[in-house]
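Please open the structure in a viewer and keep the selection panel at hand. The tour below proceeds from one selection to the next.

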Amino acid sequence: MKKLTSFIILIIFLGFQSLFGQSAGNVIYNNPDLAYPQRVGTNVNLSYDNNLVLQAEVMINVKATSYTVIFSITQNGKTASQTDSLMNLRLTTVKQALRQMNIKESNFHVDVISLVPIYSLKLEEKKFSKTANEVPTGFQLKKNVHILFYDHDQLSEIVALMAKAEIYDIVKVDYNLDDIQSAYDTLRKTAAQIIKMKEKEYPKMGLHLEIQNMSDGYNVAYPLERYASYTAYYTGSSVEEVRVAKKKKEQAKNVYISGRNQTINIQTPNKGDDDSEFIIKQADKSKTIYYNKIPYNQFDKVINADCAEPRIQFFYTLKVRYAVVNQEKYNEIKKDQKEKKSAGWFKKRQKNA
C-alpha cells in the first residue's frame with residue numbers, strides 16, 4: 001500500500017511538471033528563477049500626517065495603423081556604373097512585385113547609404129623583399145529600402161518577394177499610429193474613473209477625503225523595444241561521466257569543464273578505478289528572439305488586453321493627494337460650514353430689510 005501511494009504521488013508530480021513546461025515555454029531554460037515563483041507583494045496606499053495618495057495605473061494596447069519595414073541591400077561590381085546598374089535591376093524587380101500587391105510607389109523609398117571601393121592584397125616580390133600592396137578590385141554599394149504597408153499579414157508576402165531579388169536582410173519593422181492623442185484621452189478618462197471608485201471606499205470606513213493636488217505621467221512601448229533573445233536547450237551529464245559514476249557508486253571527483261571543446265579529466269580516488277579522459281564538443285545552440293510585452297500585473301486596468309499580435313502599449317499613471325479626516329472631525333467641519341452659511345443668510349436678510 002505504501003509503494004502504491006508513493007507511485008501515485010510520483011505520477012501526479014510528473015504530470016504537474018509536464019503541464020508546467022507546456023505552459024511556461026522554452027524561455028524558462030534561460031530564466032531558471034521563473035520555475036520558482038517568489039511571493040508577490042501588493043501596493044499599499046499609506047497615509048502620512050493625515051495625507052493620502054491614491055494612484056491609478058492604466059494601460060492600453062493599440063493596433064498600429066500602418067507598418068514600415070526596412071531592408072538592407074548590398075551590391076558588388078567591378079565598376080561604379082556596373083554596381084549601380086545591378087542594384088537598379090534588383091530594385092526594379094521589387095517595385096513591380098509591390099505594385100501587384102497594391103502597394104503604391106509613394107510608399108516605397110530607397111535610402112542610399114554608401115558607395116565605397118573594395119581592395120585586395122597583391123603580393124609584389126623583389127630581389128630581397130616581398131611587399132603586399134592594397135589594390136582596388138571593385139565597388140560596393142549599400143542602400144536601404146523602406147516599404148510602408150497597412151496590413152500586417154502582408155509582411156510575409158513582402159519578405160518572400162524581396163527574397164526573389166536576393167534581398168534577405170530585414171533591418172527592422174516600425175509600428176506607426178496616426179492618432180496618439182486618442183489613446184492618451186482614453187487613459188486619462190479611465191484613470192479618473194478608477195480614482196473615483198477608490199475614493200468611494202473610504203467613507204464606508206468613516207474616513208473622508210479632500211483633494212489637495214494631483215500629478216500624472218505618460219509613457220509608451222513600441223514592439224521594436226520589447227523583443228528579447230533566448231537560447232532553448234538543456235544539457236545533461238555526459239556518457240563517460242555517468243559510466244564512471246556508476247562504477248564508483250558516487251559522483252566522480254575532480255571534474256573540470258571549461259570553455260568549448262576542452263579536455264575533460266575525471267580522476268578517481270582509488271587505484272584501479274576507471275580514469276577517463278575525453279573531449280566534450282558542444283553543439284551550437286539555435287538562438288532566437290520573441291516578443292516580450294510589458295506584463296499586466298502592475299496596472300489597475302488594461303484596455304484591449306486580449307491580443308495575439310504585438311501592439312503599441314501606452315501606459316498612464318495618475319496620482320491624487322488628499323487630506324484625510326475621520327467621521328468626528330468631518331461632522332464638526334460640516335456643522336461649522338452649516339452655521340456659517342446660516343449666519344451669512346441671516347446677515348444678508350437683515351441688510352435687505
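**A guided tour of the predicted model**

Begin with Asp84, which is partly exposed at 33% relative accessibility. The model is a predicted one, and the stops that follow should be read accordingly.

**Stop 1: salt bridges**

Keep Asp84 selected and add Lys143: their side chains form a salt bridge, with N to O at 3.8 Å. Asp84 belongs to helix H2 (residues 80-100) and Lys143 to strand E5 (residues 130-149), so this pair ties together parts that are 59 residues apart in sequence. The two partners can also be viewed by accessibility. Asp84, at 33%, is partly exposed, whereas Lys143 is buried, with a relative accessible area of 8%.

Next, select Lys172 and Asp174. Their closest N and O atoms are 3.5 Å apart, and the two residues form a salt bridge. Lys172 has 30% relative accessibility and counts as partly exposed; Asp174, at 22%, counts as partly exposed.

Then move to Glu201 and Lys204, whose side chains meet in a salt bridge with an N to O distance of 3.5 Å. Here Glu201 is partly exposed at 40% relative accessibility, while Lys204 is exposed at 64%. How many salt bridges does the count come to? The count is eight.

**Stop 2: Arg226 and its surroundings**

Select Arg226, in the loop between strand E7 (207-221) and strand E8 (227-231). Its relative accessible area is 23%, and Arg226 is therefore partly exposed. Now display the residues around this side chain. Which residues does Arg226 contact, leaving aside its neighbours within four places in sequence? The contacts are Ala221, Tyr290, Tyr291, Asn292, Lys293 and Ile294. For one of these, Ile294, a C-alpha distance may be displayed: the C-alpha atoms of Arg226 and Ile294 are separated by 7.7 Å, although the residues lie 68 apart along the chain.

**Stop 3: aromatic pairs**

Stay in this region and select Tyr227 and Tyr291. The structure has eight aromatic pairs by count. Tyr227 and Tyr291 form a tilted aromatic pair, at 5.7 Å centre to centre and with 55° between the planes. The pair links distant parts of the chain, with Tyr227 in strand E8 and Tyr291 in strand E11 (residues 287-291), 64 residues apart. Tyr227 is partly exposed at 38% relative accessibility, and Tyr291 is partly exposed at 22%.

For a further aromatic selection, choose Tyr184, Tyr218, Phe314 and Tyr316, which ring pairs link into a cluster.

**Stop 4: strand E2 and its partners**

Select strand E2 (residues 51-62). Is E2 largely enclosed or largely open? Nine of its 12 residues are buried, so E2 is largely enclosed by the rest of the structure.

Add strand E13 (residues 312-326), which pairs with E2 in the antiparallel sense over 12 bridges. To follow this pairing residue by residue, pick Leu52, which stands opposite Tyr322 in E13.

Add strand E12 (residues 301-303) as well. E2 and E12 run parallel and are joined by three bridges. On E2's pairing with E12, Met59 has Val302 as its bridge partner.

**Stop 5: Thr190 in helix H4**

Select Thr190, a residue of helix H4 (residues 180-199). Thr190 has a relative accessible area of 9% and is buried. Apart from its neighbours within four places in sequence, Thr190 is in contact with Val58, Lys301 and Ile303. Display these three residues together with the strands of the previous stop: Val58 falls within the range given for E2, residues 51-62, and Lys301 and Ile303 fall within the range given for E12, residues 301-303.

**Stop 6: the internal cavities**

Finally, turn on the cavity display. The structure holds two cavities of 30 Å³ or more, and the largest has a volume of about 40 Å³. To locate the largest cavity, select its lining: Lys95, Leu98, Arg99, Ile103, Lys104, Glu105 and Phe108. Which element supplies the largest share of this lining? Helix H2 does, with three residues. This returns the tour to the helix of its opening stop, where Asp84 of H2 (residues 80-100) was joined to Lys143 of E5.

Terms used. Residues numbered from 1 in each chain as written. Predicted model: local features only at pLDDT ≥ 70, side-chain atom pairs only at ≥ 80, totals over all residues. Heavy atoms only, no water. Salt bridge = Lys/Arg side-chain N within 4 Å of Asp/Glu carboxyl O. Helix = DSSP H or I, 4+ residues; strand = E, 2+ residues; numbered from the N terminus. Buried < 20%, exposed > 50% of the residue type's maximum accessible area, 1.4 Å probe, protein only. Contact = heavy atoms within 4.5 Å. Phe/Tyr/Trp six-rings, centres within 6.5 Å; stacked < 30°, edge-to-face > 60°. Pairing = 2+ DSSP bridges. 1 Å grid on protein atoms, 1.4 Å probe; cavity = no way out; pocket = protein on both sides within 12 Å on 5 of 7 lines; lining within 4 Å. Points joined across faces, edges and corners; volume = space filled by probe spheres on them.
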